[in-house]
Amino acid sequence: MQPAPNPAETPTSDYSDSDSFQMEAQGHAFTFYPRGSDRLAALIDHIDEAERSLEVFYYLFQDDVSGTKVRDAMVRAAKRGVKVHLIVDAFGSDAPPEFFEPLEQAGGRFAVFSPRWGVRYLIRNHQKFAIADGARVMTGGSNVSDHYYDPPEKNGWCDLGVAIEGPVVSRFGEWFASICSWVESEGSQLRRIRKMVRDWDPGDEPVQLVLGGPVVRAQNWAYRLKKDLAKATRLDFVTAYFAPPRSIRRQMAKVGRRGDVRMITAGKSDIMATIEAARLLYNRFLKAGVSIFEFRPCKLHMKLLVVDAISYFGSANLDRRSVRINLELMVRVEDEALAARLREFMDHLERASTPITPEWYSENATFFTRLRWRLWFYFGLADAWAARRLNP
């Protein structure tokens, strides 16, 4: 028998990101941007085309070439009379406050989520979105940084940006207003932010904005996902970090036993420990009949799930922080044609990925390797446990 392939040795030089593609679904227009340079150009166009307002939140905003281009686009908007309001997360963002002074000097507003140390600081607002004129929104997994727009040959993040037009955009505006109010409040206000997430009603429309935060379940996005998984016969997903709570893992394995599951996880990352934590979980999924692939061309940062005819895309990873602690957003769309198109897009990623087979697992999961995987997995558990205990 030939030795099982080592993901680190899989050739991926012929990989290139997919072209952008558009879909009409449930009264909404969606444009998907898999290529980093397209995402950056689309974001700048999105800002340049704003006429009245820009409401922008990013977890990470760097003072590099891309960050400067996006900031300068907002400065131009403010100078032409657009009401610009930017919020960044204190934990995630690297750009210093003075980097945003040109925006404030042009008349724009700038604020920081969790500007003070304390238990409030442990809750990260991991969302990414930019609303223009209350009519169009750009969202997805990408932050504002060269790393998120670089091509695969520079090991840029493989990610997905989505531009949306349609009724759900107004819900983004409502949520941004809630974030603004919380940022301007005094004290930690942990109860208030939990109440904001718990009381958020995504409605019953086929296109929904679903949220996540430091609540047990209520209306959060992961609770919706588990309800969808409970009756699903097919699941396809791409995730940058894979270490979900046990309840979600069980649901996914059940789908694998009664239907088809394809999971595409990271073969490269900025934090190798996240890959090793995910590998600890592979064996049980393989036994459940799940098809597993590790994406190798470059770092993977995508967050995309398709459950039967329901698609999820946005900021949330499939790990404990994204499920139970961080503020996250996902767009949930019930539409068969969109689900089919997104599965076609995943086919492109699968072709550049290494299959993780039972043979691969048997050859690579030695005692000491599994011990290392377990240590990193429990390190992630400890991080989530500490954050939840400090934010009861």
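Start at the surface: Phe367, Phe368, Leu371 and Leu375 make a nonpolar patch of about 480 Å². A patch here is built from residues with over 30% relative accessible area and no salt bridge, where nonpolar side chains (Val, Leu, Ile, Met, Phe, Trp, Tyr) are joined within 5 Å and like charges within 9 Å. The areas come from the Shrake-Rupley method with a 1.4 Å probe, and for residues only the protein chains shown count as cover. Leu375 sits in helix H13 (residues 367-390), and it is exposed, with a relative accessible area of 58%. For that label, exposed means over 50% relative accessible area, buried means under 20%, and partly exposed is anything in between (1.4 Å probe, protein chains only).

Before going further, keep in mind that this is a predicted model: local features need pLDDT of at least 70, side-chain atom pairs count only at pLDDT 80 or more, and totals for chains, interfaces and linings use all residues. Residues are numbered from 1 along each chain as its sequence is written, and side-chain values use heavy atoms, with hydrogens and water left out.

Now to the early part of the chain. Here an open sheet of 8 strands runs in the order E1-E2-E8-E7-E6-E3-E4-E5, with mixed pairing. Its edges are strand E1 (21-25) and strand E5 (109-113), each of which pairs on one side only. From one strand to the next, the twist averages 15°. Strands and helices are DSSP runs numbered from the N terminus (strands are E, at least two residues; helices are H or I, at least four), and two strands pair if DSSP finds at least two bridges between them. Take strand E2 (residues 28-33) and strand E8 (residues 161-165): they pair antiparallel over 5 bridges, and Phe30 stands opposite Ile164 in E8.

Helices pack on this sheet. Helix H1 (residues 36-48) lies across E2, strand E3 (53-58), strand E6 (128-132), strand E7 (136-140) and E8, at about 150° to E7. Helix H2 (residues 65-79) touches E3 and strand E4 (83-89), and its direction makes about 150° with that of E4. Contact means heavy atoms within 4.5 Å; the angles run from 0 to 180 degrees between N-to-C directions, using axes fitted as lines to C-alpha atoms, for helices over the stretch in contact.

Further along the chain, which strand is largely enclosed by the rest of the structure? That is strand E14 (residues 303-307), where 5 of the 5 residues are buried. Lys303, Leu305 and Val307 point one way from E14, Leu304 and Val306 point the other way, and all are buried. E14 is joined to strand E10 (residues 234-239) by 5 antiparallel bridges, with Asp236 opposite Val306. It is also joined to strand E15 (residues 310-314), antiparallel again, by 4 bridges, and Val307 faces Ile310 there. E14 and E15 form a hairpin with 2 residues between them, and Asp308 in the turn has a positive phi of about 55°.

From E10, the pairing leads on to strand E12 (residues 260-266), which runs parallel to E10 over 5 bridges; Leu235 stands opposite Val261 in E12. E12 is mostly covered, with 6 of its 7 residues buried. E12 also pairs with strand E13 (residues 291-295), in the parallel sense over 5 bridges, and Thr265 has Glu294 as its bridge partner in E13.

That brings us to the charges. Counting a salt bridge as a side-chain nitrogen of Lys or Arg within 4 Å of a carboxyl oxygen of Asp or Glu, there are 18 salt bridges. In one of them, Glu350 meets Arg262 at 2.7 Å, N to O. This pair links distant parts of the chain, with Glu350 in helix H11 (residues 336-351) and Arg262 in strand E12, 88 residues apart. Arg262 is buried at a relative accessible area of 7%, whereas Glu350 is partly exposed at 25%.

Elsewhere, Arg332 and Glu334 meet at 2.8 Å, N to O; Arg332 is buried at 6% relative accessibility and Glu334 is partly exposed at 33%. Within H11, Arg341 forms a salt bridge with Glu344, the closest N and O atoms being 3.9 Å apart. Because these two are 3 residues apart in the helix, they are separated by about one helical turn. Finally, salt bridges that share partners join Arg234, Asp236, Arg262, Arg343, Asp347 and Glu350 into one network.
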